[in-house]
Amino acid sequence: MIPLLAATYQSALHPAGKYAAEIKWLLTVFTIVASVVFVLTFGFFVVSLIRGRRNRMPDATDETARRSAKWVGGALGVTIVALFILLFASVVTGRALSHIYEPTERHVSVIGHQWWWEVSYDGPQADQIVLTANELHLPVGERVIVHLTSRDVIHSLWIPNLNGKRDLIPGKESTIAFQADKPGIYRAQCAEFCGMQHAMMGLVVVAEPKEKFDGWLAAQRMPSRSPVSIDEQKGQQIFMNTSCAMCHSIKGTSAGARTGPDLTHIGSRRTLAAGVISNTRGNLAGWVADAGGIKPGVLMPPNSLTPDELNALVVYLESLK
Amino acid sequence: MSDIALPPKRREIDVSGLPSFAFGNRDPLWWGVWLLIAIEGTMFALLVASYFYLRASESEWPPTGAAQPPLWITFATVIALLATIPPSYYAFRKALDGRLRAVQIGLLLTTILNGVAVVTRAYELGMIGYNWNSHAYGSLVWGIYFVHTLHLVSGLCENIVITALLFIGPVEKKHMVDVRLGTIYWWFVVVSWVILWAIVFGDSTFLRNSFVA
Amino acid sequence: MTDELLHAELSRTWHKPTGLWGWLTDNHHTTIGLRFIITAFFFFALGGVEALLMRTQLAKPGNTFIGPDLYNQLFTTHGSTMMFLFAVPVMEGIGLYFVPLMIGTRQMAFPRLNVFAYFSYLTGGLLLYWALFSNFGPDTGWFAYVPLSGPEYAPGKRVDVWAQMITFTEMSALAGAVNMIATIFKNRAPGMSLNRMPIFVWGQLVTAFMIIFAMPSVMVASSMLAADRLVATHYFNVAEGGDAILWQHLFWFFGHPEVYIIFIPGTAMLTTIIVTYAKRPVFGYTGMVLALIATGFVGFGVWVHHMFATGLPQIGASFFTASSILITIPTAFQIFAWITTLWHGKISFKPPVGYVFGFMFIFIMGGLTGVMLASVPIDLQVHDTFFVVAHLHYVLIGGAIFPLLGALYMWYPKFTGRLQNDALGWTSFALLFIGFNVTFFPMHLLGLLGMPRRVYTYLDTLGWGGMNFVATIGAYVMGLGVLLYVSNALLSLASGRVAGNNPWGAATLEWATASPPPPYNFLYLPTVRDRYPLWTNAPDQPVVVGVPSDKREILVTKLMDAEPDHLYETPQPSISPFLVSLGSAIGIITAIFTPWGVPLGFVLVALAMVAWFWPKPPHKELLEEQP
């Protein structure tokens with residue numbers, strides 16, 4: 001069944017923050033002016049076809065040319081005025097939007113990878129830096145500056161409900177700011193072609209009231225939960241002794257590699273595979289066993305675990321709330 | 001012949017007395033050569049623009065340890081190239097009057113000096129103290145050298161062929177047009193190097209590490 | 001000499017060689033022009049099939065018809081084909097065919113350079129498709145952004161194929177541009193001063209100048225990329241002082257003028273159609289010419305609007321917003337002038353007028369979304385989304401392909417001597433027009449609703465399925481329209497009504513000779529006294545006599561006023577331009593695998609060039625002094 005109406009949580013037409021709202025206002029102005037220009041110009045064109053069909057003789061006298069020149073000059077004048085209005089509106093909005101870069105307390109870093117987003121929040125101490133992936137949490141009503149860079153190729157962070165996009169360029173740091181005014185869950189997607197799985201590089205954006213956000217941040221600052229049940233303990237051993245630990249980190253354990261996403265609180269995340277599948281036990285098992293089956297070309301290799309081992313590993317990962 | 005639309009009785013403009021070649025901008029090939037120069041000049045300009053674009057974001061320029069070839073060898077090439085201008089201008093002038101002997105002498109000297117410039121260029125390349133894969137600066141300088149050396153060698157081929165033609169014969173009047181066009185192109189090769197050389201070595205000699213990021 | 005004898009001798013002198021040897025050596029501008037057009041349409045068909053495959057994949061969410069690897073090759077090849085192998089060469093081909101006819105001469109200024117241009121282009125196209133069909137087609141987009149296309153993230157030879165395809169097609173375009181400028185400047189009929197040239201010729205002239213200054217940029221960029229990949233230079237390598245954004249500047253400094261290189265010939269064709277079917281001179285000739293020239297200049301000052309999302313200083317961004325908005329003014333003038341011309345014309349409703357309607361509807365809309373994209377804040381929302389896919393197809397298909405299809409319909413009798421079936425002509429236009437809008441209009445909305453470009457699939461929860469499905473249906477309707485258009489052209493070859501010299505009563509010189517034109521174009525070179533010679537020439541308008549008919553001589557005239565200046569012998573058919581193309585092809589294709597391809601190609605080309613230019617008997621006027 002094909003849904004006929006698009007969802008509203010990844011849409012520039014459904015702003016949830018003031019920057020996106022200002023852009024939508026500008027877009028509306030442009031659309032109205034453009035529609036008027038279109039109707040007028042195309043209308044004149046259609047009339048010219050009708051008249052040109054009725055004319056008995058082509059008329060190219062100097063007198064006609066002089067009269068026409070006035071019309072064309074007038075139309076050109078109107079066009080130029082309309083263009084300057086649009087230019088003015090654009091510059092005004094551009095200036096309003098430039099305030100988003102004024103200093104603020106709240107900073108987040110986003111690093112682009114093929115094909116996932118590494119998100120980190122500063123902490124008061126080094127061991128309190130929050131490292132997570134594919135999920136960006138924002139406190140509602142607060143301006144947040146996001147620092148962007150890339151570990152490999154150029155990506156582009158685009159949260160249409162909140163603001164326009166900004167490229168993540170290797171070797172450079174750029175910034176963009178967001179302010180979510182409506183709590184909710186939004187979705188972002190990489191907008192600069194970045195290779196095989198460009199299409200499946202999503203990011204979940206959670207805008208929540210400040211208390212909830214602070215609670216989430218505090219929870220994420222904690223080291224990982226220690227395994228309790230037998231399965232969880234077995235799962236942790238499998239994680240540490242197979243190839244998992246070569247790429248992933250889990251704070252509070254010996255796994256500290258930064259090639260793949262940090263998994264300290266993977267159980268608390270909403271999605272897997274960069275906003276592609278929901279974080280359920282089945283999906284997690286499928287992803288761990290053969291990530292390339294879900295996202296062909298993904299850099300995470302398939303695993304050859306027995307069903308029991310896979311089960312234990314998934315139970316352990318799910319426990320990392 | 002019914003499909004020829006023009007009416008049968010008409011006035012006529014007789015052009016049978018017109019010459020079969022012309023010098024300067026009357027000649028289509030003159031435009032061809034200048035447009036070629038425009039294309040390649042644009043290419044050189046873009047290389048230079050890339051040079052300054054990359055320079056603007058570096059904190060050291062040239063990078064430390066990037067040893068330039070000694071200035072005297074780069075001077076040698078520049079002087080050899082500039083020395084071609086009098087004889088090639090002599091050929092350029094004399095071609096107008098169809099003075100074959102004079103044109104032969106002018107072009108022969110130009111070709112010999114062009115050959116000298118190719119030799120000094122070879123030494124120059126051998127004395128660059130870094131490689132194209134050492135750093136972006138190396139890539140740029142080698143890129144500029146590469147493109148210009150290609151011109152220098154094609155210029156040599158062209159000069160040899162034209163000169164040989166003038167010595168072997170038979171020489172048509174129209175070849176004097178070709179001599180002049182060949183000379184114009186050769187001057188482009190000379191002038192473009194003087195500019196590129198001044199930029200690359202002027203920068204590394206006088207402006208080392210100034211105006212950097 | 002009687003007309004019959006003259007015809008016989010000119011036919012002998014300008015005889016078109018046949019067979020394979022003839023195919024490799026013939027240098028008639030009509031032969032090469034037509035060959036460019038047909039080859040370009042062949043690639044257009046391939047690019048169209050790629051588009052249909054992509055639309056099929058996107059028809060529903062999560063579709064598995066085509067995987068990401070193939071999809072990425074398809075959209076890269078589609079874009080590269082449509083830009084480099086179709087749009088530019090087809091406009092060039094039409095120029096090669098019609099400019100000499102329109103300016104009343106028998107040949108281009110450099111006929112053999114034309115042959116070289118064609119074979120370069122053909123080799124580049126075949127190279128790209130050989131790679132695609134062998135599953136190593138380029139897959140980093142027609143823009144090939146580094147570092148994605150660099151040695152680290154694109155191992156293998158896919159991107160090298162792309163870079164060398166660029167080398168081939170740019171050499172071809174540059175050779176064509178030089179030839180076009182020299183021809184227009186020097187070969188015009190006596191009396192055709194610059195301000196009496198048909199607008200179409202002006203369009204080709206401005207385009208050729210844009211090619212001269214834009215194409216070197218992409219050649220520099222693609223050579224740097226090839227060097228980074230092949231000999232480990234660091235032009236784009238951040239770690240060693242290179243810069244990924246340098247690529248984007250070089251690419252778009254070419255890439256945006258490229259749009260106008262396609263669009264300016266399109267508008268010039270539109271003027272030609274309107275003048276022909278409204279049967280009156282275009283309103284504001286001087287303004288039209290100035291509009292083309294202004295577009296050509298400003299076209300070089302807007303490239304950064306492709307790069308707003310990289311983060312630019314605000315002052316710089318505002319400059320490019322302003323220039324991108326201002327470039328609409330000359331085009332607006334052209335639109336108003338066309339409307340005025342039609343208003344006071346006597347229109348005969350033939351299918352090309354349908355394409356004028358299509359242009360107005362589609363292009364005006366595309367131009368207006370272009371104004372939106374010039375605004376930085378709006379651009380930052382819709383950049384790299386389906387909104388831009390919609391915009392660029394509205395501009396390029398509306399602004400160039402619709403005029404092209406209309407103009408080819410108009411000129412079809414000149415190519416073939418026959419008329420097409422108007423009913424089929426109108427039907428194919430209707431299918432294209434409806435199919436186009438059904439395909440691309442929903443994409444504006446899809447982009448605003450968050451759908452990025454260059455995605456091989458999308459999640460069903462995002463709700464883009466419905467509009468994508470509609471777009472796919474539209475794409476098939478368009479495909480049907482193209483099939484019908486081509487069928488009409490093919491069927492009419494045999495069964496169309498015989499057209500005569502000037503079936504539309506048009507004004508320019510290409511209609512003054514037989515359809516198709518004889519190999520020597522004009523029995524007597526014509527002269528003109530104003531812009532619309534077939535409407536206003538005197539009954540006893542002079543013709544040129546005395547151009548030798550036993551050699552391929554053409555008349556060279558002066559740059560400004562086109563007074564007769566000298567006679568110029570153009571070359572006989574010769575194999576050397578093909579050999580130069582072959583030598584450069586061997587060198588360039590070898591350079592995909594080893595840097596030694598460069599010296600190899602250099603030596604081969606140098607040898608072939610000497611063979612090309614070494615004078616062959618019979619020798620003309622000899623110098624008094626001889627060695």
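Which residue of β4(C) stands opposite C:E553? In this predicted model, the residue facing C:E553 is C:E569. The pair belongs to two strands of chain C, β3 (residues 553-557) and β4 (residues 564-569), which run antiparallel and are joined over five bridges. Together, β3(C) and β4(C) make a hairpin, with six residues between the two strands. Within the turn of this hairpin, C:A562 has a positive phi of about 55°.

In chain A, an open sheet is built from three strands, arranged in the order β4-β10-β9, with mixed pairing. Its edges are formed by β4 (135-139) and β9 (184-189) of chain A, each of which pairs on one side only. On average, neighbouring strands of the sheet are turned by 25° against each other, direction ignored. Strands of a sheet pair through backbone hydrogen bonds, in either the parallel or the antiparallel sense. For β4(A) and β10(A) (residues 202-208) the sense is parallel, and the pairing extends over five bridges. At one position of β10(A), A:E208 stands opposite A:P139. The sheet is also packed against by helix α3 of chain A (residues 210-221), which touches both β4 and β10 of that chain. The direction of α3(A) makes about 135° with that of β4(A).

Chain B contains six helices and one strand. The strand comes at the start of the chain B order, which from the N terminus on reads β-α-α-α-α-α-α. The radius of gyration of chain B is 23 Å, whereas a compact globule of 213 residues would have a value near 17 Å. Along the principal axes, the C-alpha trace of chain B spans about 80 × 45 × 25 Å.

Two pairs of chains touch, and of these the pair with the most contacts is A and C. Chains A and B, by contrast, do not touch, and their nearest C-alpha atoms lie 11 Å apart.

Internal space was examined next. Rolling a probe the size of a water molecule over the atoms shows where empty space is left. The count of cavities of 30 Å³ or more is seven. The largest cavity holds about 160 Å³ of space. It is lined by 13 residues, and those closest to the centre of the largest cavity are C:P198, C:I199, C:V275, C:T508 and C:Y532. Helices α7 (199-230) and α8 (244-278) of chain C each contribute at least two residues to this lining. The largest share, four residues, is supplied by α8(C). Classed by residue type, the lining of the largest cavity has eight nonpolar, four polar and one charged residues.

The second largest cavity holds about 110 Å³ of space. Its lining is made up of 13 residues, with C:E92, C:Q204, C:T207, C:A208 and C:I211 nearest the centre. Four helices of chain C each supply at least two residues of the lining of the second largest cavity, namely α4 (68-102), α6 (158-186), α7 and α8. Nine of the residues lining the second largest cavity are nonpolar, three are polar and one is charged. Helices α7 and α8 of chain C thus each supply at least two residues to the lining of the largest cavity and at least two to that of the second largest.

Conventions: Residues are numbered from 1 along each chain as its sequence is written. Chains are lettered from A and ligands numbered from 1 in the order in which they are written. This is a predicted model: local features need pLDDT of at least 70, side-chain atom pairs count only at pLDDT 80 or more; totals for chains, interfaces and linings use all residues. Side-chain values use heavy atoms; hydrogens and water are left out. Two strands pair if DSSP finds at least two bridges between them. Axes are lines fitted to C-alpha atoms, for helices over the stretch in contact, and angles run from 0 to 180 degrees between N-to-C directions. Contact means heavy atoms within 4.5 Å. On a 1 Å grid over the protein atoms alone, a cavity is a set of points where a 1.4 Å probe fits but cannot get out, and a pocket is an open set with protein on both sides within 12 Å along at least five of seven lines; lining residues have an atom within 4 Å of a point. Grid points are joined across faces, edges and corners, and a volume is the space filled by probe spheres set on the points. Ala, Val, Leu, Ile, Met, Phe, Trp, Tyr, Cys and Pro count as nonpolar, Asp, Glu, Lys and Arg as charged, and the others, Gly among them, as polar. The radius of gyration is taken over C-alpha atoms; the globule rule is 2.2 Å times the number of residues to the power 0.38.
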